[in-house]
Amino acid sequence: MLKLIKISSFLTFAILLSSCISENKEVDAAPKNLKEDTEKISTKQKYIGSTEESWKHFYDTFKGQGKIVMLNLLKYKPMADYTGIEVSNIQKDKTGKETYQYYLKQVEKIFENTKVGNILYYGESQDFLIGPQHEKWDAVILVEYASLDVFVDFVKSEAYQKVTGHRKASLEDSRLLPASNVTPNKVEN
């Protein structure tokens, strides 16, 4: 129960942080595999990568904050699509879910070898209890990183670059919400 309270608390804190205006600081550009072209965004936009603006805001908000937990909401493609994606070991004739499972196993291997991250939770999801009933997500994942710098190093690493194409090939849509590590007793009323 305490773990659920902690997760709820730091997710709420992350939402509050992301609504704040960040300071204007110089930051590294978003890694290419996490970028999304803002010109392609429409009212029915699907999100697989970040924009330069969202990356900068994320960097400014979480720099120096310590541990970060990433809430991932995932919607799989019916069949994986590698069109325009260069990656070794293409998962031929696999569903988006099967391909994402392959990607996740590769990420877990990187985590085991480098200790840069930890998958706290993975589960399939259904309809919202509270939220728009038209939004459907296939899975939810919580991943913890020691810091923003550790996360940035991870997504820029050669090992991750080799597998990130599987993520793009497998997902129809996604959301990634970073949260700082806040305990309930640190949250003021």
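**Exercise 1. After the helix**

Which residue takes a positive phi just after α3?

Solution. Keep in mind that this is a predicted model. Go to the end of helix α3, which covers residues 96-114. Just after α3 comes K115, and its phi is positive, about 60°.

**Exercise 2. Check the span of α3**

Work out what span helix α3 should have, and compare it with the model.

Solution.
- Step 1: α3 has 19 residues.
- Step 2: the expected span is 1.5 Å times one less than the number of residues, so α3 should span 27 Å.
- Step 3: in the model, the end C-alpha atoms of α3 are 27 Å apart, so the two values agree.

Now look at what surrounds α3. Its buried residues are G96, T99, Y100, Y102, Y103, L104, Q106, V107, I110 and F111. The cover over these buried residues includes β1, β2, β3, α4, α5 and β4.

**Exercise 3. Put the sheet together**

Find the order of the strands in the sheet, and say which ones sit at the edges.

Solution.
- Step 1: the open sheet has 4 strands, with antiparallel pairing.
- Step 2: start with β2 and β3, which pair over 7 bridges; here I119 stands opposite V143 in β3.
- Step 3: β3 also pairs with β1, again over 7 bridges, and L74 stands opposite A139 in β3.
- Step 4: β1 (residues 68-76) then pairs with β4 over 9 bridges, where L73 faces R175 of β4.
- Step 5: read off the order, β2-β3-β1-β4. The edge strands are β2 (117-124) and β4 (171-180), since each pairs on one side only.
- Step 6: ignoring direction, neighbouring strands are turned by 15° against each other on average.

Two helices pack on this sheet. Helix α2 touches β1 and β4, and its direction makes about 25° with that of β4. Helix α5 (residues 158-170) also touches β1 and β4, but its direction makes about 120° with that of β4.

**Exercise 4. Enclosed or not?**

How many residues of β3 are buried, and what does this say about the strand?

Solution.
- Step 1: take the cut-off, which calls a residue buried under 20% relative accessible area.
- Step 2: check each face of β3. On one side the buried residues are A139, I141, V143 and Y145, and on the other they are V140, L142 and E144.
- Step 3: that gives 7 of the 7 residues, so β3 is largely enclosed by the rest of the structure.

**Exercise 5. One residue in β1**

Is N72 buried or exposed, and what does it touch?

Solution.
- Step 1: find N72 in strand β1.
- Step 2: its relative accessible area is 9%, so N72 counts as buried.
- Step 3: skip the neighbours within four places in sequence, and N72 is in contact with A139, V140, I141, V143, R175 and L176.
- Step 4: look for a polar partner too. A polar atom of the N72 side chain lies 3.2 Å from the backbone oxygen of M70.

**Exercise 6. Two helices side by side**

Describe how α2 and α4 pack, and which residues make the contact.

Solution.
- Step 1: helix α2 (residues 52-62) and helix α4 (residues 148-156) have axes 10 Å apart, at an angle of about 145°.
- Step 2: α2 brings W55, F58, Y59 and F62, while α4 brings L148, D149, F151, V152 and V155.
- Step 3: sort them by class, and you get 8 nonpolar, no polar and 1 charged residues.

Terms used: Residues are numbered from 1 along each chain as its sequence is written. This is a predicted model: local features need pLDDT of at least 70, side-chain atom pairs count only at pLDDT 80 or more; totals for chains, interfaces and linings use all residues. Side-chain values use heavy atoms; hydrogens and water are left out. Axes are lines fitted to C-alpha atoms, for helices over the stretch in contact, and angles run from 0 to 180 degrees between N-to-C directions. Contact means heavy atoms within 4.5 Å. Ala, Val, Leu, Ile, Met, Phe, Trp, Tyr, Cys and Pro count as nonpolar, Asp, Glu, Lys and Arg as charged, and the others, Gly among them, as polar. Two strands pair if DSSP finds at least two bridges between them. Buried means under 20% relative accessible area, exposed over 50%, partly exposed in between (1.4 Å probe, protein chains only). A polar contact is a pair of N or O atoms within 3.5 Å; within protein, one must be able to donate a hydrogen and the other to accept it, and residues adjacent in sequence count only if both atoms are side-chain atoms.
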